[in-house]
Amino acid sequence: MSNRTIAAIATPNAPGGIGTVRISGDRAVEIASKVFRPVSGKNLCDFKGYTAAFGGVYDNDEKIDEAVCLVFRAPKSYTGEDVCEISCHGGLYITKRTLRAVLDAGAEPAEAGEFTKRAFLNGKIDLAGSESVMALIGASGKQAAAAALNTLDGNLSKKIRECADGIIGVCASLAAWVDYPDEDIEDISASQMLPVFEKTKKELSEIVRRYDCGRAVTDGIDTVIVGKPNVGKSTLMNMLTGFERSIVTDIAGTTRDIVEERIMLGEIILRIADTAGIRETENVVENMGVSLAKRRLERAELVLAVFDTSVPLNSDDLDIIEQCKAKKSVAILNKADLPATADREVIENAFAFTVELSASTGAGREKLEQAVAEIMMTNEFDPAAACLTSERQRQCCIRAMGHIDEAIAAIQGGVTLDAVNVCADCAIDALLELTGEKATAAVVDEVFSRFCVGK
């Protein structure tokens, strides 16, 4: 652990009611006492932990602002070290001036995520919990926040540790048999090992499945709006975003580039793109927009295919239906407020989910929310269950399941038990890397490099 005493602004880089400068390390209270003077006249170094004082922030003898200073004593702090937090008025100048005074008094600038990294290294939080801090900060909805908070509380780490402990029990029996062949130790049988491996694999598979279906809630889904010109794609985009993000006219081919936005549809985050109308055209510029739309459709995780029910289907509509067959997609029967002339049966037979909607009035939005939740399986997402919060954690589970599969295959193939033991050890390492118990320094550095400075 570094003996540097670090400091950074812990509040957003924008004007606000309060700006907080956090200091952590062996000299935190000493450094804070050089810039903060309590109105009581007491020395900050004499304060006990969990104590607050009102006073002034000074740069040498020049008063910068009135402020409150919180004192936390190791190990009962966020980082496990002595911590002081000076909360001043939240103007950018005042907050940055306070940080400069703290740095001039002897603190060093904190690196990205260094406060939480110190909490991890001091045993205040594990690696999975550390990642959930950023997930909680970035949560855009109730379910995402609840899932991140449950991981921060240790639900995921507890479940992963239970999975690891089951395999560790098998390894202990295998190790005793392998290491002491001359002792009268009964070897562990396949009938004893297989249920443990199969149960663990099933539990890990369920955790991974929840991550995949919950990603729409926690990270968002790459979504594209497609349709022929003038079916109401841009109107739908504006309805979903809540403002005029896309240009809407009666002229076919108005949208030629891809317009992107991040929106909430119920509890689901959509990284949504409005594309050019897909049709056969000889216009060179419009044709480039159509090509972009088709490429975006190919890579999208979710397609919202828009059809104008007030006009008959044509070859452009049928082409779009064909391109959506291999995708998770919802057919939107737009302009439901107008008399219908389109052959709805063709659309309904081609899509598992069909929604009547009026993009101009917003009628039918709730049905669209329900359809997207069902197709992305977010209706099955339980934020109270053990939830993965990053692709790193998912990959740890995938690797563990791969090693478990190898162990099962070795048992069923009659391979020697020491080979089974090697596979089981690798599975344990992958699981304990997830929690941080066996994570390399490079993995730890990579995790915290994604944090913001001040957290």
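These are my notes on a seven-strand sheet, its helices and one buried glutamine in a predicted model.

**Ground rules.** I am working from a predicted model, where local features need pLDDT of at least 70 and side-chain atom pairs count only at pLDDT 80 or more, while totals for chains, interfaces and linings use all residues. Residues are numbered from 1 along each chain as its sequence is written, and side-chain values use heavy atoms, with hydrogens and water left out.

**Overview.** I counted up the elements and got 15 helices and 13 strands; helices (H or I, at least four residues) and strands (E, at least two) are DSSP runs, numbered from the N terminus. Of the 455 residues, 48% are buried, meaning under 20% relative accessible area with a 1.4 Å probe, protein chains only. I looked at contacts (heavy atoms within 4.5 Å) with a separation of 6 or more, and 67% of them join residues 24 or more positions apart.

**The sheet.** I traced 7 strands in an open sheet with mixed pairing, ordered S3-S4-S5-S6-S2-S1-S7. Two strands count as paired if DSSP finds at least two bridges between them. S3 and S7 (108-109) sit at the edges with a single partner strand each, so one side of each has no neighbour in the sheet.

**Strand by strand.** I started at S3 (residues 36-38), which pairs with S4 (residues 51-59) in the antiparallel sense over 3 bridges; Phe-36 is opposite Val-57 there. Next, S4 and S5 (residues 62-72) are antiparallel over 9 bridges, and Gly-56 has Glu-66 as its bridge partner. Their hairpin has 2 residues between the strands, and I found Asn-60 with a positive phi near 60 degrees. S5 then runs antiparallel to S6 (residues 83-90) over 6 bridges, with Ala-67 partnered by Cys-88.

**Helices on the sheet.** I checked what H2 (residues 92-104) packs against: it touches S1 (6-9), S2 (16-24), S4, S5, S6 and S7, and its direction makes about 150 degrees with that of S6. H3 (residues 114-121) lies across S1, S2 and S7, at about 135 degrees to S1. For these angles, axes are lines fitted to C-alpha atoms, for helices over the stretch in contact, and the values run from 0 to 180 degrees between N-to-C directions.

**Gln-393.** Is Gln-393 buried or exposed? Gln-393 is buried, at a relative accessible area of 0%. I placed Gln-393 in H13 (residues 391-412). Leaving aside residues up to four places away in sequence, Gln-393 touches Ala-128, Glu-131, Leu-156, Cys-387, Leu-388 and Leu-434.

Definitions and conventions
Buried < 20%, exposed > 50% of the residue type's maximum accessible area, 1.4 Å probe, protein only.
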